[in-house]
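Here are some exercises to work through with the model open beside you. Try each task before you read its solution.

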Amino acid sequence: MNLFTNAEELMVPLAFIAGGALAGIIVDSVILRRLRALTRRTPWEGDDVVVTSLKGVTFYAFFIAGVYGALLRTPLTERTRAVADKAILVLLLLLATVLLVRLAAGFVTLYAKKAVLPSTSIFTNLAKAIAFTIGMLIILQSLGISIAPLLTALGVGGLAVALALQDTLSNLFSGLHIIATRQIRPGDYIRLSSGEEGYVTDISWRNTVIRTLPNNTVIVPNSKLAGAIVTNFHLPETEMAVLLDVGVSYDSDLEHVEKVTVGVARDLLREVQGGVPTFEPFIRYNAFSDFSINFTVIMRGCEYVDQYLIKHEFVKRLHRRYLAEGIEIPFPIRTVRLQHGAASTIPGEAL
């Protein structure tokens with residue numbers, strides 16, 4: 001009979017634990033999934049952040065609740081029960097801290113998506129750090145540990161930490177300055193005065209990550225970037241002029257050359273991906289060189305990398321059109337004086 005009583009007393013706590021785990025699985029797998037489907041239909045994206053942040057947290061919350069119910073049904077000494085209650089409270093506060101960190105990161109990312117802030121990891125990491133710190137302080141306070149001396153010690157030691165981490169703090173505040181001024185943003189194509197260029201993929205608390213056109217990564221400390229001369233090809237807008245130098249023979253009809261060249265450029269901008277079809281291209285003659293009259297063709301591309309395809313197609317089309325129109329693109333010519341005064345004109349580079 002005594003064995004049956006002990007088994008019966010054991011079954012009740014186990015039932016609470018199993019019931020809490022089962023409820024957590026149902027809420028986490030079924031209810032949250034349906035809520036996520038509903039939030040996708042609402043205009044406010046914040047509810048989706050809340051539901052996503054609850055993923056996994058709800059299971060552990062119900063499981064801890066089941067464990068707490070099992071403890072209430074278990075005969076324990078006062079000291080053991082007090083320790084168990086403290087442990088349950090700490091676990092719940094840790095769970096709440098995880099939820100707070102997720103919510104902070106999610107809403108910061110959502111705020112960044114609205115173009116109020118650039119989408120960078122530096123703000124997400126700061127939000128996580130602040131939320132985690134608040135959660136830890138609440139846990140310490142709930143355990144009866146006074147946080148006032150801790151805050152005082154942190155304030156006194158802050159000066160020493162700041163002196164020891166000058167480079168780190170310099171990069172942190174430089175990153176905040178770069179983001180606040182919005183002169184360099186993720187997705188922008190930039191070129192540094194030292195020659196590195198590419199797309200900005202992220203601005204973290206320490207470095208700015210640049211992806212080059214060959215698909216390599218350049219990591220630049222924020223303090224170096226803040227003090228560098230930077231050309232941003234996406235500001236004030238992504239569209240940019242595409243310039244190409246051309247030379248024609250001195251025997252050419254320049255009016256005809258201009259008409260043909262502009263026509264080729266106009267058709268190209270309308271047909272080639274990356275060209276601005278509404279832009280009216282034009283040319284400007286600029287020099288009488290040794291063997292040709294030189295001019296520059298001015299076209300327009302949607303962004304920096306589009307210039308390569310535009311130039312590629314333009315050279316092919318212009319060469320084919322010049323051949324059809326009888327317009328000559330002369331070879332470089334140099335006149336060489338021979339030893340006895342005779343002159344010889346040869347094509348090619350200067351000897």
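**Exercise 1. Backbone angles in the loops**

Is R182 buried, partly exposed or exposed? Place the residue in the fold, look at its phi, and then do likewise for N215 and P236.

Solution. Keep in mind that this is a predicted model.

Step 1: R182 sits in the loop between α7 (166–181) and β1 (189–192). Its relative accessible area is 32%, and the limits for partly exposed are 20% and 50%, so R182 is partly exposed.

Step 2: the phi of R182 is near 60°, a positive value in a residue other than glycine. Most residues other than glycine have a negative phi, and most peptide bonds are trans.

Step 3: N215 also has a positive phi, near 70°. You will find N215 in the loop between β3 (207–211) and β4 (217–221). With a relative accessible area of 56%, N215 is exposed.

Step 4: turn to the peptide bond from L235 to P236, which is cis, with omega near 0°. P236 belongs to the loop between β5 (230–232) and β6.

Step 5: for a glycine, go to the residue just after α2, where G56 takes a positive phi of about 90°.

**Exercise 2. A strand pair and one of its threonines**

Describe how β7 and β8 are connected and paired, then work out the surroundings of T296.

Solution.

Step 1: β7 covers residues 282–288 and β8 covers residues 293–301. Four residues make up the hairpin that joins β7 to β8.

Step 2: the two strands run antiparallel and pair over six bridges. Within this pairing, R284 stands opposite T296 in β8.

Step 3: ask how much of T296 is accessible. Its relative accessible area is 13%; buried means under 20%, so T296 is buried.

Step 4: look for its neighbours, leaving aside residues up to four places away in sequence. T296 touches L243, L244, D245, F282, I283, R284 and N286. With N286 there is also a polar contact, 3.0 Å between the two side chains.

**Exercise 3. Aromatic pairs**

Classify the pair F59 and F63 and the pair Y304 and Y308 as stacked, tilted or edge-to-face.

Solution.

Step 1: the structure holds ten aromatic pairs. In one of them, the ring centres of F59 and F63 are 6.3 Å apart and the planes meet at 15°, so this pair is stacked.

Step 2: both phenylalanines lie in helix α3 (residues 57–72), four residues apart, about one turn of the helix. An α-helix has 3.6 residues a turn, so residues three or four places apart point the same way.

Step 3: F59 is partly exposed at 22% relative accessible area, and F63 is partly exposed at 31%.

Step 4: Y304 and Y308 have their centres 6.2 Å apart, with 80° between the planes, and this aromatic pair is edge-to-face. Y304 is buried, at 5% relative accessibility, while Y308 is partly exposed, at 43%.

Step 5: widen the view around the tyrosines. Y189, Y199, F233, Y304 and Y308 form one aromatic cluster.

**Exercise 4. Checking a helix**

Compare the expected and actual span of α9, then say what covers its buried residues.

Solution.

Step 1: α9 runs over residues 254–271, which makes 18 residues. The expected span is 1.5 Å times one less than the number of residues, so it should be 26 Å.

Step 2: the end C-alpha atoms are 26 Å apart, in agreement with the expected value.

Step 3: at the start of α9, a side-chain oxygen of D253 comes within 3.2 Å of the backbone nitrogen of E255.

Step 4: the buried residues in α9 are V257, V260, T261, V262, G263, V264, A265, L268 and L269. Their cover includes β6 (240–248), β7, β8 and α10 (306–325).

**Exercise 5. The whole chain**

How many helices and strands does the protein chain have, and what percentage of its residues count as buried?

Solution.

Step 1: there are ten helices and ten strands.

Step 2: of the 351 residues, 32% count as buried.

Step 3: the accessible surface comes to about 21500 Å², and carbon and sulfur atoms account for 63% of that surface.

How values were computed
Residues numbered from 1 in each chain as written. Heavy atoms only, no water. Pairing = 2+ DSSP bridges. Phe/Tyr/Trp six-rings, centres within 6.5 Å; stacked < 30°, edge-to-face > 60°. Buried < 20%, exposed > 50% of the residue type's maximum accessible area, 1.4 Å probe, protein only. Polar contact = N/O pair within 3.5 Å; in protein donor to acceptor, adjacent residues only side chain to side chain. Contact = heavy atoms within 4.5 Å. Areas by Shrake-Rupley, 256 points an atom, 1.4 Å probe, with all protein chains shown as cover.
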